[in-house]
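Me: Could you go through a structure with me and keep the wording plain?

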There are 6 protein chains.
Amino acid sequence: MTDSQLTHFNAEGRAHMVDVSEKNTTDRTAAAIATLKMDAHTLELIRQGKMKKGDVLAVAQVAGIMAAKKTSDLIPMCHPIPLTKVDISFQERSDTELDVTATVKTTYVTGVEMEALTAVTAAALTVYDMCKAVDKAMVIAEVKLLEKTGGKSGDFHRAT
Amino acid sequence: MTDSQLTHFNAEGRAHMVDVSEKNTTDRTAAAIATLKMDAHTLELIRQGKMKKGDVLAVAQVAGIMAAKKTSDLIPMCHPIPLTKVDISFQERSDTELDVTATVKTTYVTGVEMEALTAVTAAALTVYDMCKAVDKAMVIAEVKLLEKTGGKSGDFHRAT
Amino acid sequence: MTDSQLTHFNAEGRAHMVDVSEKNTTDRTAAAIATLKMDAHTLELIRQGKMKKGDVLAVAQVAGIMAAKKTSDLIPMCHPIPLTKVDISFQERSDTELDVTATVKTTYVTGVEMEALTAVTAAALTVYDMCKAVDKAMVIAEVKLLEKTGGKSGDFHRAT
Amino acid sequence: MTDSQLTHFNAEGRAHMVDVSEKNTTDRTAAAIATLKMDAHTLELIRQGKMKKGDVLAVAQVAGIMAAKKTSDLIPMCHPIPLTKVDISFQERSDTELDVTATVKTTYVTGVEMEALTAVTAAALTVYDMCKAVDKAMVIAEVKLLEKTGGKSGDFHRAT
Amino acid sequence: MTDSQLTHFNAEGRAHMVDVSEKNTTDRTAAAIATLKMDAHTLELIRQGKMKKGDVLAVAQVAGIMAAKKTSDLIPMCHPIPLTKVDISFQERSDTELDVTATVKTTYVTGVEMEALTAVTAAALTVYDMCKAVDKAMVIAEVKLLEKTGGKSGDFHRAT
Amino acid sequence: MTDSQLTHFNAEGRAHMVDVSEKNTTDRTAAAIATLKMDAHTLELIRQGKMKKGDVLAVAQVAGIMAAKKTSDLIPMCHPIPLTKVDISFQERSDTELDVTATVKTTYVTGVEMEALTAVTAAALTVYDMCKAVDKAMVIAEVKLLEKTGGKSGDFHRAT
């Protein structure tokens, strides 16, 4: 495949799950981020929740980890991948912005970019769900791949 | 519940699936949008794909519709909802931006905002997956609710 | 919609989950059948299995019932439907033919034809799976709707 | 059906999903409990976890709620039920015993006993999973229905 | 196991998921076919759909690929298998017959016959679903294994 | 990790799916048991069912095997594991007690204790479901790990 063509299409031009049976098994990692923009009041409520037994971010974190495991069930052309690690963390970027970051690992023939992206998306949607009663206008402002390592196509590190 | 408190927490401060058994069954709709930002070359490739039998957007559309049906399996505190309609459409906003819009309907005791948001994010993730061989830097931007109607809490229409 | 056009397409010509929110809630039933064709020896082995504690058909039956509940997760444009009954039965048509029949009921705004068809195919695939060590050439033949009742489009009874 | 016969069997003696289409839609609730028996040291570690941002019980609670929604996918003859509420709570019965309780509600034609039981067992299994590195001998004891209300068969309240 | 006995039964005569832990990891492939019989008018409508952006076969293809990944969730005694390729294609056999073919690959200890059969079945059911408004009498006439390679039991090629 | 700390928490104190990418692939087994306590009359009815074509235990067995495959979808921090064997058996401990035992195998980097425990739990819940019309007071009295082998942490054999 050259850099200028889409994979996932067979000879008829239809989508298929690409053949990875000849690819090498290597350690592979991916990290992705989603940034939520909300009212300062909403973020304050989430922050207070952290102090309690059950908080928004604890639920979002579980949602993100479980979603990573469902990636191949959600994204049609994704291969099922034996994930060896999923970790999610949250960081306040400002008084109105919350970052969700996921790192995923596998030792397999194909990478885990989609798993990392699915994890942060599901975590961000869960934050929205749990806060929508007070802030329906909340936006998931950006979802993007931060980096990937492993595999023949080379590493990717997003320029900052 | 007042406008300033988070739902989804029980008396112990833990998350729970809120009781909707006393809410009224009404017609409810929701619409959500996500905007993909990519290289002009990538969008050109997607556009060409539209001309063929199997295209990126056809797969993304199926992914979005199927994801809407999985919402309560992905978002921990969401109720299972009998969806009566899911529709997804794509629109080019510029040479490097593609909008994904979803509209969802139900006749039930709780709304379908999360289903619309889940549909657009799954469709957007699928576009990313099918194009990542040529454009790993693609970003899913501005995932947000456009409007909701029905239910006691009143309608929501995003200011533009 | 007239009788000569396909539903499931929106104004752009793309597939969508059709709007059933204006349809009436009525009792609806559907029945479907699949016929397995196999070696007489294989059917004999299945028959003997019936005499034991765990038999091929007991597993196939559970598979068919569980698959009926997964229909909207398997068939992209199917609505989730609250099934009120699923029943599966087996009948030997000849020394080499085994029929699988499913009847499904709901009280809802759309019908259960796909649930009945999904149930018989999953049951038939399970029979194949459990017998393939001895009969890989087994064929699942004539998967078809037997009848449906309820709903505005009228009843359907297959001519025999 | 008399009180002395098992349901879930059709005329051939095979299991089926019983027909509930003639049953009345009423409010229905169920509560179930499971008791975990563990080392005092293990319970102490769980207790300390409660003080932190992410704790064992927060994860177990999400697991229990999500499992309630999967009941009809796990228990073959269960009907899919539109749950209107799921709540889980934890209580220390002694220095070595932790109770998990779930209450579930619906307004539907059949009851939610299995959803409550599935919720407490999934929550208890999650506690086990998160503590098994320090206490493999932990036991999930006394999983049982506490009460059910609604429906024609009458209420059930466990004698204490 | 001799050629004349069913596997999938344990010592008590009950079904189990057979032990494959001693089998060799090898490249394995399977191909299956399903043939749909319909009105010439229906096939004509599907054919026209191919010319449009979203067509019946594009949806059926996604359904087939996603179903292949769900095989072990549908067929009770199937092992979860890390699929490395799934491809589906369509071919008109006559004016009233449409073939759906799937090829599946893995590098694992057990084969992918069931994945190929599940893929063509789900794709065929999806075609039925999307056309049933105009042709309820459509039949899935035959579902069968075309070939399998890899594994100790030897290759299988259906006689034509 | 020392013997006195809980895993499954990251540096922020939040739950994560622990990194197993450096662990060795070895053969691993686990066995678990669940004991159901019921009326003698109920156990008698189950026993009679064994004689028929479709019995409670046949359904429970399928439920247990299928649940083992869903473990990582139910228990949030569990890794997806390629199971190579699942077997379930039933044994009467007394006139009022029924044991459900599961043995699970894999060749992988992490163990299958949770799969064995999930299997017996789902099987036991299925027995409850199919008998609850006659015996709502039935109790799952104990669910526990019997033994595990393989892996660096050493074998576990429950003292009897």
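Reply: One definition to begin with: a residue is called buried when its relative accessible area is under 20%, exposed when it is over 50%, and partly exposed in between, using a 1.4 Å probe and protein chains only. This is a predicted model, in which local features need pLDDT of at least 70, side-chain atom pairs count only at pLDDT 80 or more, and totals for chains, interfaces and linings use all residues, while side-chain values use heavy atoms and leave out hydrogens and water. Residues are numbered from 1 along each chain as its sequence is written, and chains are lettered from A and ligands numbered from 1 in the order in which they are written.

Me: OK, so is Asp73(E) buried or partly exposed?

Reply: Asp73(E) counts as partly exposed because its relative accessible area is 24%.

Me: And what does Asp73(E) form a salt bridge with?

Reply: A salt bridge here is a side-chain nitrogen of Lys or Arg within 4 Å of a carboxyl oxygen of Asp or Glu, and Asp73(E) forms one with Lys70(F), where the closest N and O atoms are 2.7 Å apart. This pair crosses between chains, running from helix H3 (residues 71-74) of chain E, which holds Asp73(E), to the loop between helix H2 (56-69) and helix H3 (71-74) of chain F, which holds Lys70(F). Helices (H or I, at least four residues) and strands (E, at least two) are DSSP runs, numbered from the N terminus. Lys70(F) is buried, with a relative accessible area of 6%. Asp73(E) also pairs with Lys70(C), with 3.5 Å between the closest N and O atoms.

Me: Which residues are linked in a network of salt bridges?

Reply: Lys70(A), Asp73(B), Lys70(D) and Asp73(F) are linked in such a network.

Me: How many salt bridges are there over all chains?

Reply: The rule gives 54 over all chains. One of them joins Arg47(B) and Glu92(B), with the closest N and O atoms 2.8 Å apart. It links distant parts of the chain, since Arg47(B) is in helix H1 (residues 40-51) and Glu92(B) is in strand E2 (residues 83-94) of chain B, 45 residues apart. Arg47(B) is partly exposed at 24%, and Glu92(B) is partly exposed at 32%.

Me: What about Arg47(C), what does it form a salt bridge with?

Reply: Arg47(C) pairs with Glu44(C), and the closest N and O atoms lie 2.4 Å apart. Both residues lie in helix H1 (residues 40-51) of chain C, 3 residues apart, which is about one turn of the helix.

Me: New topic: how many residues of chain C are in contact with chain E?

Reply: Taking contact to mean heavy atoms within 4.5 Å, 58 residues of chain C are in contact with 58 residues of chain E. The two chains bury about 4900 Å² between them, 67% of it on carbon and sulfur atoms, where buried area is the accessible area (1.4 Å probe) that two parts lose on being put together, summed over both. The rule finds 2 salt bridges across this interface.

Me: And how does chain D sit with chain B, what area is buried between them?

Reply: Between chain D and chain B about 1600 Å² is buried, and carbon and sulfur atoms give 49% of that. Here 22 residues of chain D are in contact with 20 residues of chain B, and the interface has 3 salt bridges. Helix H2 (56-69), strand E2 (83-94) and strand E3 (97-108) of chain D each supply at least two residues of the side that touches chain B, with E2(D) giving the most, 8 residues.

Me: Do the last one for me: which residue does the UniProt annotation "active site" cover?

Reply: According to the unreviewed UniProt entry, that annotation covers Asp129(A); UniProt positions are given in the numbering used here, feature names are shortened, and annotations may be inferred rather than shown by experiment. Asp129(A) lies in helix H4 (residues 113-131) of chain A and is buried, with a relative accessible area of 2%. Leaving aside neighbours within four places in sequence, Asp129(A) is in contact with His8(B), Ile75(B), Met77(B), Cys78(B) and Met114(B).
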